Amino acid sequence: HSVTASMLTDTVKVIFDAQLIGPRDIMTMIDDLGFTTSLCASGDGGNEADLQRKAHIKELRRLFWISLAFTVPTFLVAMVLPHAPGVGQYLHYRVGDAISVQGLASW
């Protein structure tokens, strides 16, 4: 009956007559065109609030991985490397008058 496409959210909503064609047939035709399809029940995942929530979760996941990339090296320099044999003595070496190598690496 109708097709609605949103380039902004990369989604397509298809309303069809189940007497004439089935959802798997439509998905097969779309897949043959080179697009990825997934089936959602009526009302699932099609509304704007759900799409915004999914985008927000994706952004939070990206920010988590960025923060983890900075946190793990800082943790290693501050907590693990000072206790490693042969490394701890170099971390206490002074760079200038006020800061050590460990402080500089943690900063």
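Start by selecting Phe 75, which sits in helix H2, the helix that covers residues 48-80. Keep in mind as you go that this is a predicted model. Is Phe 75 buried, exposed or partly exposed? Its relative accessible area is 47%, and because the partly exposed class lies between 20% and 50%, Phe 75 counts as partly exposed.

Now widen the selection around Phe 75. Add Phe 64, Trp 65, Leu 68, Val 72, Leu 76, Met 79, Val 80, Leu 81 and Val 87. Together with Phe 75, these residues make a nonpolar patch on the surface, with an area of about 870 Å². Colour the patch if you like, and turn the model until it faces you.

**Two rings in the patch**

Stay with the patch and select Phe 64 and Trp 65, two of its members. How many aromatic pairs does the count give? The count comes to one aromatic pair. Its rings belong to Phe 64 and Trp 65, with centres 5.3 Å apart and planes at 70°, so the pair is edge-to-face. The cut-off behind that name is an angle over 60 degrees between the planes. In general, a pair of aromatic rings is described by the distance of the centres and the angle of the planes.

Check how open each of the two residues is. Phe 64 is partly exposed, at 44% relative accessibility. Trp 65 has 53% and counts as exposed, because the exposed class begins over 50%.

**A salt bridge in helix H2**

Next, select Glu 59 and Arg 62. Both residues lie in helix H2, three residues apart, which is about one turn of the helix. What joins Glu 59 to Arg 62? They form a salt bridge, and the closest N and O atoms are 2.8 Å apart. The count of salt bridges comes to one. Glu 59 is partly exposed at 34% relative accessibility, and Arg 62 is also partly exposed, with a relative accessible area of 42%.

**Over to the N terminus**

Jump to His 1, in the segment before strand S1 (2-6). His 1 is exposed, with a relative accessible area of 78%. Which residues does His 1 contact, leaving aside its neighbours within four places in sequence? They are Ile 15, Phe 16 and Asp 17. Take Ile 15 and draw a line between the C-alpha atoms: His 1 and Ile 15 are 14 residues apart in sequence, and the line spans 5.5 Å in space.

**The hairpin**

From His 1, move on to strand S1 and its partner S2, which covers residues 11-15. The two strands run antiparallel and are joined by five bridges. Select two facing pairs to follow the pairing: Ser 2 stands opposite Ile 15 in S2, and Ala 5 stands opposite Val 12 in S2. S1 and S2 form a hairpin, with four residues between the strands. Pick out Asp 10 in the turn, where phi is positive at about 55°.

**Step back**

Finally, show the whole protein as a cartoon. How many helices and strands are there? The protein has four helices and four strands. Follow the chain from the N terminus and the elements run β-β-α-α-α-β-β-α.

Switch to a surface view for the last stop. The accessible surface of the protein comes to about 9100 Å², and 64% of that belongs to carbon and sulfur atoms. Of the 107 residues, 8% count as buried. As for contacts between residues at least 6 apart in sequence, 15% join residues at least 24 apart.

Technical notes:
Residues numbered from 1 in each chain as written. Predicted model: local features only at pLDDT ≥ 70, side-chain atom pairs only at ≥ 80, totals over all residues. Heavy atoms only, no water. Patch = residues over 30% accessible without salt bridge, like charges linked within 9 Å, V, L, I, M, F, W, Y side chains within 5 Å. Areas by Shrake-Rupley, 256 points an atom, 1.4 Å probe, with all protein chains shown as cover. Salt bridge = Lys/Arg side-chain N within 4 Å of Asp/Glu carboxyl O. Buried < 20%, exposed > 50% of the residue type's maximum accessible area, 1.4 Å probe, protein only. Contact = heavy atoms within 4.5 Å. Pairing = 2+ DSSP bridges. Phe/Tyr/Trp six-rings, centres within 6.5 Å; stacked < 30°, edge-to-face > 60°.
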